[in-house]
Amino acid sequence: MDKNIRIMETEDGSHTLLNIAMNETYHSRHGALQESEYVFIEQGLYYWMSHHQASPQIQIMEVGMGTGLNAILTVREAMQHLGLHFYYTTLEPYPIEEETAEKLNYLRFLPKIYTIQAKFRELHACEWEKDVPLLENFTLLKRKQKLESMETVPCCYDLIYFDAFAPNKQAELWTQEILEKIAEMMKPSGVFVTYSAKGQLKRDLKSLGLEVETLPGPPGKAEMVRAVKPSL
Ligand SMILES: C[S@@+](CC[C@H](N)C(=O)[O-])C[C@H]1O[C@@H](n2cnc3c(N)ncnc32)[C@H](O)[C@@H]1O
């Protein structure tokens with residue numbers, strides 16, 4: 001296993017990873033699963049769905065695939081929303097080893113059905129830079145790439161899971177320039193969610209014309225941010 005990565009249990013019993021050199025965890029220490037469920041699925045995906053009930057597809061971009069927790073929770077949602085096709089692009093310049101992914105305890109918290117358990121393994125093992133049909137209504141594209149060097153595809157994404165390391169650990173991913181790139185890639189009425197609620201982040205998103213909401217955070221965290229791109 002990568003010597004710089006250690007598996008840790010968070011307060012809800014689910015695992016996260018600790019990047020030892022950065023002294024930074026991949027999720028909230030108060031509960032990895034609770035954080036992902038609340039910030040990305042409930043306040044991101046469910047919010048988007050409630051405003052786009054007639055849409056046959058959704059384009060999601062995740063910044064930082066990491067453990068694959070957000071991805072597998074979204075796969076679980078796809079299994080329950082068969083009329084919606086999920087296109088899920090995830091960026092990860094430093095993929096975790098499959099051996100590490102195998103040790104994560106997320107399967108314990110997922111429905112006890114063979115398919116989803118197999119899909120967690122498949123999402124780590126599948127090829128990069130290629131559309132992979134993980135389910136009939138879920139297409140995964142893993143890109144081994146930094147957000148900074150990704151080409152800007154205007155108005156492409158309905159939903160952004162912005163799950164970079166914290167601004168004080170990886171400031172280069174929270175600059176006005178990067179946020180501008182993200183805003184450009186969002187479709188009108190597209191939704192951006194992140195666990196951070198830093199004042200500077202909110203000011204930057206507002207200055208880019210997004211409608212910014214400060215929401216209560218997941219357990220153990222006061223606030224989070226959701227921003228919506230105005231419709232045309
Ligand atoms: C907070 S963790 C993400 C947690 C992840 N979403 C999960 O469910 O486990 C941040 C992730 O961003 C990745 N990352 C680091 N630098 C990046 C960059 N420049 N662009 C995109 N992702 C990056 C890290 O390797 C790490 O996996």
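# A tour that starts at N19

Select N19: with 11% relative accessibility, this residue counts as buried, because buried here means under 20%. The model on your screen is predicted.

**Stop 1: around N19**

N19 is part of strand β2, which covers residues 15-19. Show the residues within reach of N19. Leaving out residues up to four places away in sequence, N19 touches N4, I5, E24 and Y26. One of these, E24, is the bridge partner of N19 in β3. Now add M22 to the selection. The backbone nitrogen of M22 lies 3.0 Å from a polar atom of the N19 side chain.

**Stop 2: the sheet that holds N19**

Widen the view to the strands on either side of β2. The sheet is open, has three strands in the order β1-β2-β3, and its pairing is antiparallel. Which strands stand at the edges? They are β1 (5-9) and β3 (24-25); each has a single partner strand, so one side of each is left without a neighbour in the sheet. Between β2 and β3, look for two bridges, paired in the antiparallel sense. In general, strands of a sheet pair through backbone hydrogen bonds, either parallel or antiparallel.

**Stop 3: N23, in the loop**

Select N23, which sits in the loop between β2 and β3. Its relative accessibility is 47%, so N23 counts as partly exposed. Check the backbone angles: N23 has a positive phi of about 50°, although it is not a glycine. Most residues other than glycine have a negative phi. A second residue of this kind, S189, comes up at a later stop, with a positive phi of about 70°.

**Stop 4: the ligand**

Select the ligand and the residues around it. How many residues surround the ligand? There are 22, and the closest are G64, T67, E92, E148 and D163. Three polar contacts can be displayed one after another:

- E148: a polar side-chain atom lies 2.8 Å from a nitrogen atom of the ligand.
- H27: an N or O atom of the side chain is 3.1 Å from an oxygen atom of the ligand.
- G66: a backbone N or O atom lies 3.4 Å from an oxygen atom of the ligand.

Taken alone, the ligand exposes 600 Å², and the protein buries 98% of that.

**Stop 5: the nonpolar core**

Hide the ligand and turn to the largest nonpolar core, which has 74 residues. Helix α1 (residues 32-51) gives the most to this core, with nine residues. Nonpolar side chains tend to be buried together in soluble globular proteins. Which residues have the most contacts inside the core? They are M61 and L147. Select M61 and show its contacts, leaving aside neighbours within four places in sequence. Among them are T89, L91, L147, M150 and Y157. The list also includes I182 and M185, two residues that are buried in helix α5.

**Stop 6: helix α5**

Select residues 176-185, which form helix α5. I178, L179, K181, I182, A183 and M185 are its buried residues. What do they pack against? Their partners are β4 (57-63), β8 (157-162), β9 and α6 (199-207).

**Stop 7: β9 and the residue S189**

Move to strand β9, residues 186-194. S189 is found in this strand. At 24% relative accessibility, S189 counts as partly exposed. Its positive phi of about 70° occurs although S189 is not a glycine.

**Stop 8: β11 and its partners**

Select residues 223-228, which make up strand β11. Is this strand largely enclosed or largely open? Five of its six residues are buried, so β11 is largely enclosed by the rest of the structure. Four bridges join β9 to β11, and the two run antiparallel. V191 stands opposite V228 in β11.

Next, add strand β10, residues 211-216. Six bridges join β10 to β11, also in an antiparallel arrangement. P216 stands opposite E223 in β11. The two strands form a hairpin with six residues between them, and G220 in the turn has a positive phi of about 90°.

**Stop 9: S196**

End at S196, in the loop between β9 and α6. At 5% relative accessibility, S196 counts as buried. Leaving aside neighbours within four places in sequence, S196 is in contact with P167, W174, L201, M224 and V225.

Methods: Residues are numbered from 1 along each chain as its sequence is written. This is a predicted model: local features need pLDDT of at least 70, side-chain atom pairs count only at pLDDT 80 or more; totals for chains, interfaces and linings use all residues. Side-chain values use heavy atoms; hydrogens and water are left out. Two strands pair if DSSP finds at least two bridges between them. A nonpolar core is a set of buried Ala, Val, Leu, Ile, Met, Phe, Trp, Tyr and Cys residues joined through side-chain atoms within 4.5 Å. Buried means under 20% relative accessible area, exposed over 50%, partly exposed in between (1.4 Å probe, protein chains only). Contact means heavy atoms within 4.5 Å. A residue is near a molecule or strand if one of its heavy atoms lies within 4 Å of it. A polar contact is a pair of N or O atoms within 3.5 Å; within protein, one must be able to donate a hydrogen and the other to accept it, and residues adjacent in sequence count only if both atoms are side-chain atoms. Accessible areas come from the Shrake-Rupley method with a 1.4 Å probe; for residues, only the protein chains shown count as cover.
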